[in-house]
Amino acid sequence: MDMEQNMQPWPPEPSAQKFCKHCGGRIPADAVICTLCGRQVEEIAQAQATPNIVINNTNTNENINAINAYMQTRARNKWVALLLCFFLGGIGAHKFYEGKTGMGVLYFFTFGLAVVGILIDFISLLFKPNPYYV
């Protein structure tokens, strides 16, 4: 290889330049951001136009709210449950009224979980809407 072919001329040949419109410094002609002050001097050219996006959404879903046998809910009157809790809470009458047989039996044999359960149920029934669903 020839050394002369790899050698670059000194001083380098001047390339096309322009002036920054913010600081007035000389920058390369193809620069978008000034190399001296860092501000944008030209708009960035878009390589491609924004593609047209077509969205074809067809919703064929149907909302069928079928209540299964194990998910049946029944409206209960708040005041009936509250009176049952106050007068017959020790034997779990309000739990039987709500359809919670297991808890009713537990309340029956423990006298309302030593009255603490009755107190908690009374306060929680007080703040439920009327009718409430179990």
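Hi everyone, let's start with helix 2, residues 78–88, where Lys 78, Ala 81, Leu 82 and Cys 85 are buried. Looking down the axis of helix 2, these buried residues fall within an arc of 100°, so they line one face of the helix. The general rule behind that will be familiar: an α-helix has 3.6 residues a turn, so residues three or four places apart point the same way. Do keep in mind that this is a predicted model.

What sits on the other side? Turned away from the buried side of helix 2 are the exposed residues Leu 83 and Phe 87. As for the cover over the buried residues, it includes strand 3 (75–76), helix 3 (93–98), helix 5 (116–126) and strand 4 (132–133). And at the start of helix 2, a side-chain oxygen of Asn 77 comes to within 3.0 Å of the backbone nitrogen of Trp 79.

Now to the core. Which residues make up the largest nonpolar core? There are 7: Ala 81, Leu 82, Cys 85, Tyr 107, Ile 118, Leu 125 and Tyr 132. Helix 2 and helix 5 each supply at least two of them, and the largest share, 3 residues, comes from helix 2. Apart from this core lies another one, of 5 residues, including Cys 20, Ile 27, Ala 31 and Val 41.

Back to Tyr 107 for a moment. Neighbours within four places in sequence aside, its contacts include Gly 92, His 94, Leu 113, Ile 118 and Asp 121. Leu 113 belongs to helix 4, residues 101–114, and at 33% relative accessibility Leu 113 counts as partly exposed. From Leu 113 to Gly 92 is 21 residues in sequence and 9.6 Å in space, C-alpha to C-alpha.

Thanks, everyone!

Key: Residues are numbered from 1 along each chain as its sequence is written. This is a predicted model: local features need pLDDT of at least 70, side-chain atom pairs count only at pLDDT 80 or more; totals for chains, interfaces and linings use all residues. Side-chain values use heavy atoms; hydrogens and water are left out. Buried means under 20% relative accessible area, exposed over 50%, partly exposed in between (1.4 Å probe, protein chains only). Helices (H or I, at least four residues) and strands (E, at least two) are DSSP runs, numbered from the N terminus. The arc is that of the directions from the helix axis to the C-beta atoms. Contact means heavy atoms within 4.5 Å. A polar contact is a pair of N or O atoms within 3.5 Å; within protein, one must be able to donate a hydrogen and the other to accept it, and residues adjacent in sequence count only if both atoms are side-chain atoms. A nonpolar core is a set of buried Ala, Val, Leu, Ile, Met, Phe, Trp, Tyr and Cys residues joined through side-chain atoms within 4.5 Å.
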